[in-house]
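Q: I have a protein model open and I would like to learn how to read it, feature by feature. Could you guide me?

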Amino acid sequence: MIRPVVLYGDPILREISAEVNRASKLDIDRLIDDMFETMHRAKGIGLAAVQIGVPLRIFVVEAHMKEENFHFRGVFINPKILSELGMVVKHPEGCLSVPGLAAMIERSEGIELEWYDEKWVYHKEKFFGTAARILQHEYDHLGGKLYTDYLDTMWQKMFETPLNLIEERKMEVTYLCK
Ligand code: ZN
């Protein structure tokens with residue numbers, strides 16, 4: 001089921017998401033299905049549960065990068081960045097909660113991440129490049145952070161008006177949102 005994407009300005013995006021308890025009665029499979037469906041419809045490559053109004057530590061990723069011949073798909077439950085690796089690199093980034101915008105953002109080239117997948121299998125792995133960037137972006141959502149928090153003064157100026165329009169819900173969005 002497609003769920004509305006929570007947009008910039010909604011205070012839930014600033015909440016610290018809670019750990020997922022395996023024993024809870026929450027239908028996680030259903031939540032994950034909804035997250036993928038919502039993300040695909042909105043043409044996103046990553047989505048955190050809080051972006052559909054569920055402040056739990058889960059995000060999903062699915063990205064196809066033709067030029068890198070790269071298909072990256074995964075469900076990340078209770079993830080933890082164990083270390084940041086390599087240099088700091090600058091790349092363009094966007095977010096389904098901040099529609100129509102993108103900015104150059106600095107992040108670590110690589111990370112080491114541990115997490116549980118949808119079958120509650122534990123993983124620990126190092127990621128670099130596009131994968132590392134997507135994971136760091138989604139991980140930030142779990143801590144109530146958005147990429148717009150990292151804008152330098154020049155980008156802040158450029159983002160001021162469009163961010164206000166999003167906050168006032170005056171920005172046209174091509175997918176279901178709230
Ligand atoms: Zn985002």
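Q: Is Trp120 buried or exposed, and how many other C-beta atoms lie within 10 Å?
A: The general idea is to count neighbours: a residue with 12 or fewer other C-beta atoms within 10 Å is exposed, and one with 20 or more is buried. This is a predicted model, and in it Trp120 has 11 other C-beta atoms within 10 Å, so Trp120 is exposed. Trp120 sits in the loop between E4 and E5. Its phi is near 65 degrees, a positive value in a residue other than glycine.

Q: Where is Arg169 found, and how many C-beta neighbours does Arg169 have inside 10 Å?
A: Arg169 belongs to the segment after helix H3 (153–167). A count between the two limits makes a residue partly exposed, and Arg169 fits that class because it has 13 C-beta neighbours inside 10 Å. Arg169 also has a positive phi, near 60 degrees, and is a residue other than glycine.

Q: How many helices and strands are there in the protein?
A: You will find three helices and five strands. Going along the sequence, the pattern reads α-β-β-β-β-β-α-α.

Q: In what order do the strands of the sheet lie?
A: In general, strands of a sheet pair through backbone hydrogen bonds, either parallel or antiparallel. Here five strands make an open sheet in the order E1-E2-E3-E4-E5, and the pairing is antiparallel. E1 and E5 are the edge strands, each pairing on one side only. From one strand to the next, the twist averages 45 degrees.

Q: How many bridges pair E2 and E3, and which residue is the bridge partner of Val60?
A: Eight bridges join E2 and E3 in the antiparallel sense. Val75 in E3 is the bridge partner of Val60. Helix H1 lies across E1, E2 and E3, and H1 runs at about 40 degrees to E2.

Q: Which residues have the most contacts inside the largest nonpolar core?
A: That core has 38 residues, and Leu47, Ala49, Phe59, Val60 and Leu135 have the most contacts inside it. At least two residues of this core come from each of helix H1 (28–41), E1, E2, E3, E4 and H2. Take Leu135 as a case: leaving aside neighbours within four places in sequence, Leu135 is in contact with Ile111, Leu113 and Phe127.

Q: What span should helix H2 have, at 1.5 Å a residue?
A: The 14 residues of H2 (residues 129–142) should span 20 Å, and the end C-alpha atoms are 21 Å apart, which agrees. Just after H2, Gly144 has a positive phi of about 75 degrees.

Q: Why is H2 described as largely enclosed by the rest of the structure?
A: Eleven of its 14 residues are buried, so the rest of the structure largely encloses H2. Among these buried residues are Ile134, Leu135, His137 and Tyr139. The cover over them includes strand E1 (46–48), strand E2 (58–65), strand E3 (70–95), strand E4 (98–116) and strand E5 (122–128).

Q: What radius of gyration would a compact globule with 178 residues have?
A: Such a globule would be near 16 Å, and the protein has 16 Å, which agrees. Along the principal axes, its C-alpha atoms fill a box of roughly 45 × 40 × 30 Å. Of the 178 residues, 31% count as buried. Among contacts between residues at least 6 apart in sequence, 66% join residues at least 24 apart.

Terms used
Residues numbered from 1 in each chain as written. Predicted model: local features only at pLDDT ≥ 70, side-chain atom pairs only at ≥ 80, totals over all residues. Helix = DSSP H or I, 4+ residues; strand = E, 2+ residues; numbered from the N terminus. Expected span 1.5 Å × (residues − 1). Contact = placed C-beta atoms within 7 Å. Rg over C-alpha atoms; globule rule 2.2 N^0.38 Å. Core = buried A, V, L, I, M, F, W, Y, C linked by C-beta atoms within 7 Å. Pairing = 2+ DSSP bridges. Axes fitted to C-alpha atoms, helices over the stretch in contact; angles between N-to-C directions.
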